[in-house]
Amino acid sequence: MSVSLTDVSYAYPVPDLDGSPFDDGPTPDREAVDQLRDITMTIRPGTLTLLIGGSGSGKSTLLRTMNGLVPKFFEGTMRGKAEVDGTDLAGVELHDVGRTSAMIFQNPRTQFFTSSVRTELAFGLENYGVDPSEIRDAMTRAVGQTGIAHLLDRRLDTLSGGELQRVACACALVTDVDLLLFDEPTSALDPHMVHEVLDVMTGLADSGMTMVVVTHEMAFARKAADRVIFLADGQILADTDPQTFFTHPDTEQIREFLGELEG
């Protein structure tokens, strides 16, 4: 499944002084903060693309344009066009985005709706009215891909961070979408759990799934990525293959970023 962004810019309003949510949008007397600036890019089906950059560079915001969370959930003002497999996301209702892509968040607890692994796996397809036999088949396939058969009868609140991420991956796969979006899926995990989650993600990449990943796991980037996009101040500063990015960084800003990670 392909992703195409054309001249995408996005700005969000700063909060009101009373701390109320961003529910008013930018107005003449409220400042808007630019988060993305004139992003144009295409992601080919069956590839793994890494979005990396410093804090506040716009990488998570860019990821969220690919499933409509920006601007439909986070609000603000977006210009340009975001398309998935030729469909303009501007015309897709937020509750239907799950039919084309799935997102795995930094903290998977925020995306679960039920209390147990088995019921969570079935939740999305049940909401779409899928036949129970099809749901069982989809669950069996996703459980096998992520290696969570031993977790099926567990409560979600008893799982470790790494186990929760693997369940989140399985929930995404149950829906049988071809586009997976990961937002820092290993940032809160210990080294052992990081290794387990990255193994699952590498397997998914090898299976031909289209994946876009925000991460600081540079070893994973070197091993699994087809493409590295480096963002700074809401703009694409580099768009190249991992070998070129890591061995021949062509700007001082990228060299400093890589140096900070190694330090």
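In this predicted model, asparagine 67 is buried, its relative accessible area being 6%. The residue sits in the loop that joins helix H1 (59-65) to helix H2 (69-72), and a polar atom of its side chain lies 3.2 Å from the backbone nitrogen of leucine 69. Leaving aside residues up to four places away in sequence, asparagine 67 touches Leu89, Leu94, Val97, Ser101, Met103 and Leu181.

Two of these contacts lead to the sheet. Six strands make up an open sheet of mixed pairing, in the order S6-S7-S8-S3-S9-S10. Strand S6 (102-104) and strand S10 (235-240) are its edges, and because each has a single partner strand, one side of each is left without a neighbour in the sheet. On average, and with direction ignored, neighbouring strands are turned by 20° against each other. Within the sheet, strand S3 (residues 48-53) and strand S8 (residues 210-214) are paired in the parallel sense over four bridges, with leucine 48 standing opposite methionine 211 of S8.

Helices pack against these strands. Helix H6 (residues 191-206) touches S3, S7 and S8, and its direction makes about 145° with that of S8. Helix H5 lies across S6 and strand S7 (179-183), running at about 175° to S6. H5 comprises 14 residues (161-174) and reaches 20 Å from its first C-alpha to its last, close to the 20 Å expected at 1.5 Å a residue. Of those 14 residues 13 are buried, so H5 is largely enclosed by the rest of the structure. The helix is followed by aspartate 176, whose phi is positive, near 60°.

Side chains of opposite charge can pair when their charged atoms come close. A search of the whole structure finds ten salt bridges, among them the three tabulated here.

| Basic residue | Acidic residue | N to O distance |
|---|---|---|
| Arginine 99 | Aspartate 96 | 3.5 Å |
| Arginine 227 | Aspartate 239 | 2.8 Å |
| Arginine 255 | Glutamate 252 | 3.3 Å |

The pair of aspartate 239 and arginine 227 links distant parts of the chain, aspartate 239 being in strand S10 and arginine 227 in strand S9 (residues 227-232), twelve residues apart. Aspartate 239 is partly exposed at 39% relative accessible area, whereas arginine 227, at 17%, counts as buried. Arginine 255 and glutamate 252, by contrast, both lie in helix H9 (residues 252-262), three residues apart, which is about one turn of the helix. Arginine 255 is partly exposed at 39% relative accessibility, and glutamate 252 is partly exposed at 44%. Aspartate 96 also counts as partly exposed, with a relative accessibility of 26%.

Conventions. Residues numbered from 1 in each chain as written. Predicted model: local features only at pLDDT ≥ 70, side-chain atom pairs only at ≥ 80, totals over all residues. Heavy atoms only, no water. Helix = DSSP H or I, 4+ residues; strand = E, 2+ residues; numbered from the N terminus. Expected span 1.5 Å × (residues − 1). Buried < 20%, exposed > 50% of the residue type's maximum accessible area, 1.4 Å probe, protein only. Pairing = 2+ DSSP bridges. Axes fitted to C-alpha atoms, helices over the stretch in contact; angles between N-to-C directions. Contact = heavy atoms within 4.5 Å. Polar contact = N/O pair within 3.5 Å; in protein donor to acceptor, adjacent residues only side chain to side chain. Salt bridge = Lys/Arg side-chain N within 4 Å of Asp/Glu carboxyl O.
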